[in-house]
Amino acid sequence: MPDNISAALLSWYDANARTLPWRSAPGPYRTWLSEVMLQQTQVATVIPYFERFTARWPDFESLAAADDADLMSAWAGLGYYARARNLLACAREVAQRGALPDSEAELRTLPGIGGYTAAAIAAIAFGRRAVVVDANVERVVARLFALEEALPGAKPRIHALADSITPQERAGDFAQAMMDLGATVCTARAPACLACPLRRACAGFAGGAPERFPLKARKPDRPLRHGTIFWAERDGHVLLVRRPAKGLLGGMRALPTGPWTDSPPGLADAPFDADWRIAGAGVSHGFTHFRLDCALATATIAEHSGQVTGEWWPVAAIGDAGLPTLFAKAAKALGRGR
DNA sequence: CATCCGTGGGT
DNA sequence: TACCCAAGGAT
């Protein structure tokens, strides 16, 4: 049965593989870059970022020489900004070593490369047999075997089952085929079982309710937190700061804020004394594990007193500052965004 | 092992 | 609308 599954899937893939930028001119650099961008991020979102990155930084050497701020700005909007910091650290390490290692174990030691990404690069870029398990594979496997054990506890079991159906040859194509299948046929909400090449082998389909798998524990509600975002304008420029390297939106250029709190903090934590005014509209933003409501405070000043650490950015070019979405929303709400 | 870490698409 | 979900990794 395992051989039947991989053969049927590879045959389907040969006829139905998606055309994706990283599948043309393949190689270690493009495979690595795409896999990092695709972590917890959908294909449609990644494509324009991948195109811009590969046009500007076509190989490890050019990326390794990139300016940190330029890299972070180019990543702005893609989320999970630790990926961008690790991307740069990884590129510099690879440039120093001369090449990306081709074994799972060595790949696994590089910044930003965990178990999934190491397996994916080994299989896709280097033709190694590796067991590649992402959320698509988890879903397809859970349905194929009608797995009653819930995630995340079922991960070891799913990995073993994925191993059992991974072929000795073409493991990279097999992995990509599983992900294409999960993204286009074996989807989370309404799987298109009648179009599935694995239908006859699928215990979930046989049971009549494949969409029930994989079982998952319900996630707790996200708490609501509050903050204030400060828009300080002087002579056509707005004050921007660099957030601390670690933590939320770490390392990103940003508008000044105070810490997030359980109730609206108002004008506490303003970057300097001024005639701050709360704007009529605020911004709401959802993060992975909490929701955030922010008031917007504005001040226009002739010159600031005291030390202000940050940079004064042309308001007309605020769209080029590389701001994370929360702050891009704030600029837009104030009529300064694009 | 549980938390933390973004964002946009789809329903 | 509110929620689930996505080519996960680091701590």
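In this predicted model, a polar side-chain atom of N136 lies 2.5 Å from a phosphate oxygen of DNA strand C. That is a polar contact, meaning a pair of N or O atoms within 3.5 Å; within protein, one must be able to donate a hydrogen and the other to accept it, and residues adjacent in sequence count only if both atoms are side-chain atoms. R139 also uses its side chain: a polar atom there lies 2.3 Å from a phosphate oxygen of the strand. G115 uses its backbone instead, with a polar atom 3.5 Å from a phosphate oxygen of DNA strand C. Two elements give two or more residues to the surface near this strand, helix 8 (115-124) and helix 9 (135-144). Helices (H or I, at least four residues) are DSSP runs, numbered from the N terminus, as are strands (E, at least two).

Now take the whole surface. DNA strand C is surrounded by 27 residues, and the closest are L38, T117, D134, N136 and R139. A residue is near the strand if one of its heavy atoms lies within 4 Å of it. The surface divides into 9 nonpolar, 9 polar and 9 charged residues. Here Ala, Val, Leu, Ile, Met, Phe, Trp, Tyr, Cys and Pro count as nonpolar, Asp, Glu, Lys and Arg as charged, and the others, Gly among them, as polar. Of the strand C atoms within 4 Å of the protein, 64% belong to sugar or phosphate; the rest belong to bases.

Turn to the aromatic rings. Rings of Phe, Tyr and Trp (its six-membered ring) pair if their centres lie within 6.5 Å; planes under 30 degrees apart count as stacked, over 60 as edge-to-face and the rest as tilted. The count comes to 9 aromatic pairs. Y29 and W32 have ring centres 5.8 Å apart and planes at 45°, so this pair is tilted. Both sit in helix 2 (residues 28-37), 3 residues apart, about one helical turn. Y29 and W32 are both buried (under 20% relative accessible area, with exposed over 50% and partly exposed in between; 1.4 Å probe, protein chains only). The ring centres of F53 and W57 are 5.1 Å apart and their planes stand at 65°, so that pair is edge-to-face. F53 is buried at 1% relative accessible area, and W57 is buried at 7%. Ring pairs also link Y29, W32 and F60 into a cluster.

Two arginines lie over rings. R225 is over the face of F290, 5.1 Å from the ring centre. R234 is over the face of W312, at 4.5 Å. The test requires NZ of Lys or CZ of Arg within 6 Å of the ring centre and within 35 degrees of the ring normal.

Residues are numbered from 1 along each chain as its sequence is written, while chains are lettered from A and ligands numbered from 1 in the order in which they are written. Local features need pLDDT of at least 70, side-chain atom pairs count only at pLDDT 80 or more, and totals for chains, interfaces and linings use all residues; side-chain values use heavy atoms, leaving out hydrogens and water.
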